[in-house]
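This report follows the strand pairing of one chain and then turns to the side chains that lie on its surface.

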Amino acid sequence: MLDDGDLDDFDADVTEMVSDNKPKLFAVVLEYGNQVDAQIVAWGIALDEHAYMTTVDGRNQYALAHAENALRYIRHRPEATPRLVWAA
């Protein structure tokens, strides 16, 4: 049986493991014109081996090999530029 000190150490180890392996959050933003306007069109999470993305309206969901591939799936007008933005 673990004593309280061992449980505290274990909890700290688990917390560190979760922090070290947390997914990275990203958004796909459409930029209009030369820094005129922008709109978030999708959100995603990137893990070590793959990523997931969903459009903000929830209609489309994607399993991706890499987060950067998200830009391939966003429809946009010629005057808009899709951009991957990592959340802080």
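A hairpin of 4 residues leads from β2 into β3, and in this predicted model the two strands pair in the antiparallel sense over 5 bridges. Within that pairing, Ile-45 stands opposite Tyr-52 of β3.

Strand β3, which covers residues 51-55, has two unlike faces: Ala-51, Met-53 and Thr-55 make up the covered face, whereas Tyr-52 and Thr-54 belong to the uncovered one. In general, side chains along a regular strand alternate between the two faces of the sheet. On its way onward, β3 is joined to β4 by 4 bridges, again with the strands running antiparallel, and here Thr-54 has Gln-61 of β4 as its bridge partner. The hairpin between β3 and β4 has 5 residues between the strands, and in it Gly-58 takes a positive phi near 75 degrees.

On the other side of the sheet order, strand β1 (residues 24-32) pairs with strand β2 (residues 37-46) in the antiparallel sense over 9 bridges, and one of the partnerships links Tyr-32 with Asp-37 of β2. The pairings described so far are set out below.

| Strand pair | Sense | Bridges |
|---|---|---|
| β1 and β2 | antiparallel | 9 bridges |
| β2 and β3 | antiparallel | 5 bridges |
| β3 and β4 | antiparallel | 4 bridges |

Taken together, 5 strands form an open sheet with antiparallel pairing, in the order β4-β3-β2-β1-β5. Because β4 (61-64) and β5 (80-86) each have a single partner strand, they stand at the edges, and one side of each is left without a neighbour in the sheet. Neighbouring strands of this sheet are turned against each other by 25 degrees on average, with direction ignored.

Which residues make the nonpolar surface patch of about 590 Å²? Leu-25, Ile-40, Trp-43, Ile-45, Leu-47, Tyr-52 and Val-56 form this patch, and the strand that gives the most to it is β2, with 3 residues. Tyr-52 thus appears in the patch as well as on the uncovered face of β3, while Ile-45, the residue opposite Tyr-52, is also a patch member.

Is Ile-40, a residue of strand β2, buried, partly exposed or exposed? Ile-40 counts as partly exposed because its relative accessibility is 38%, a value that lies between the cut-offs of under 20% for buried and over 50% for exposed.

Methods:
Residues are numbered from 1 along each chain as its sequence is written. This is a predicted model: local features need pLDDT of at least 70, side-chain atom pairs count only at pLDDT 80 or more; totals for chains, interfaces and linings use all residues. Side-chain values use heavy atoms; hydrogens and water are left out. Two strands pair if DSSP finds at least two bridges between them. Axes are lines fitted to C-alpha atoms, for helices over the stretch in contact, and angles run from 0 to 180 degrees between N-to-C directions. Patches are made of residues with over 30% relative accessible area and no salt bridge: like charges are joined within 9 Å, nonpolar side chains (Val, Leu, Ile, Met, Phe, Trp, Tyr) within 5 Å. Accessible areas come from the Shrake-Rupley method with a 1.4 Å probe; for residues, only the protein chains shown count as cover. A salt bridge is a side-chain nitrogen of Lys or Arg within 4 Å of a carboxyl oxygen of Asp or Glu. Buried means under 20% relative accessible area, exposed over 50%, partly exposed in between (1.4 Å probe, protein chains only).
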